[in-house]
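I opened this notebook page to keep track of what I looked up in one structure, going from the whole chain down to single residues.

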Amino acid sequence: MLEHMRPMRFALFTLIATLCLSQEVSDPWPAASLLEPAALASELQSGKSPNVICVAFPNLYKAKHIVHASFAGPTSKPEGIEALKKLADPLPRDADLVIYCGCCPMATKCPNIRPAYRTLKEMGFTNIRVLHLPTNMHDDWYSKDYPSEAGSDAAAARSSN
């Protein structure tokens, strides 16, 4: 059964990557706010876990995500911005936050990471780090066996409510 889903997943990933390639963007964060995947993996494995927030498309979170990550949804859409605000609002403004998407190359293409960063800054958060995923989640995180867990529809629904 999983073999039949592989071509469909690839097609979906290709569609998302194509959409990402059409985005014009600039980075709102300072270089010091970029967090390398190995550094986050090390933090997670040491038990020093920041608040990790996924701002990717639901299908990416549902398939697999960083262990214990909360789901806000794509912040390229108003619903995703509202979900992020709802998720982050109860947190102290100096909370250690790490946001990530990983749908496509981050450097100039990701439609979600920049609006998420700007929103959290506007909300007054002072300790926001952006997971540096230059290629995508698969290449920069999962293929390196960094801490991950399988997602589910129920988990995404719980995290976005």
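The entries below follow the order in which I looked things up.

**Entry 1, the whole chain.** I noted before anything else that this is a predicted model. I then listed the secondary structure and found 7 helices and 7 strands, which, read along the sequence, follow the pattern α-β-α-β-α-β-β-α-β-α-β-α-β-α. I looked up burial next, and of the 161 residues of the protein, 43% count as buried. For the surface I wrote down an exposed area of about 8,400 Å², of which carbon and sulfur atoms supply 57%. I also checked how far apart in sequence the contacting residues lie: among contacts between residues at least 6 apart in sequence, 73% join residues at least 24 apart.

**Entry 2, the sheet.** In what order do the strands of the open sheet stand? I found 5 strands in the order E1-E6-E5-E2-E4, with parallel pairing. E1 and E4 stand at the edges with a single partner strand each, so one side of each is left without a neighbour in the sheet. I reminded myself that strands of a sheet pair through backbone hydrogen bonds, either parallel or antiparallel.

I then went through several of the pairs. Strand E2, residues 51-54, runs parallel to strand E5, residues 97-100, and 4 bridges join them; in this pair Cys-54 of E2 has Tyr-100 as its bridge partner in E5. On E2 I also looked up the pairing with strand E4, residues 70-71, which is parallel and has 2 bridges, and there the bridge partner of Ile-53 is Ser-70. For the edge strand E1 I recorded parallel pairing with E6 over 2 bridges, with Leu-34 matched to Val-130 in E6.

**Entry 3, Glu-36.** I placed Glu-36 in the loop between strand E1 (34-35) and helix H2 (37-46). Is this residue buried, partly exposed or exposed? Glu-36 counts as partly exposed because its relative accessibility is 41%, and the cut-offs that I needed for this step are under 20% for buried and over 50% for exposed. Leaving aside neighbours within four places in sequence, Glu-36 is in contact with Leu-131 and His-132. I looked up the C-alpha atoms of Glu-36 and Leu-131 as well, and they are separated by 6.1 Å although the two residues are 95 residues apart along the chain.

**Entry 4, helix H5.** In helix H5, residues 113-122, I listed Ile-113, Arg-114, Ala-116, Tyr-117, Thr-119 and Leu-120 as buried. I asked what covers these buried residues of H5, and the cover includes helix H4 (78-88), E5 and strand E6 (128-131). Just after H5 I noted that Gly-124 takes a positive phi of about 100°.

**Entry 5, the cavity.** Rolling a probe the size of a water molecule over the atoms shows where empty space is left. With 30 Å³ as the lower limit, I counted 1 cavity, and the largest cavity has a volume of about 40 Å³. Which residues line the largest cavity? I wrote down Tyr-100, Cys-101, Gly-102, Cys-104, Met-106, Cys-110, Ile-113, Leu-131 and Leu-133. By class, this lining has 8 nonpolar residues, 1 polar residue and no charged residues. Going back over my entries, I saw that Tyr-100, the bridge partner of Cys-54, is one of the lining residues, and that Ile-113, listed as buried in H5, is also among them.

How values were computed
Residues numbered from 1 in each chain as written. Predicted model: local features only at pLDDT ≥ 70, side-chain atom pairs only at ≥ 80, totals over all residues. Heavy atoms only, no water. Pairing = 2+ DSSP bridges. Buried < 20%, exposed > 50% of the residue type's maximum accessible area, 1.4 Å probe, protein only. Contact = heavy atoms within 4.5 Å. Areas by Shrake-Rupley, 256 points an atom, 1.4 Å probe, with all protein chains shown as cover. 1 Å grid on protein atoms, 1.4 Å probe; cavity = no way out; pocket = protein on both sides within 12 Å on 5 of 7 lines; lining within 4 Å. Points joined across faces, edges and corners; volume = space filled by probe spheres on them. Nonpolar A, V, L, I, M, F, W, Y, C, P; charged D, E, K, R; others polar.
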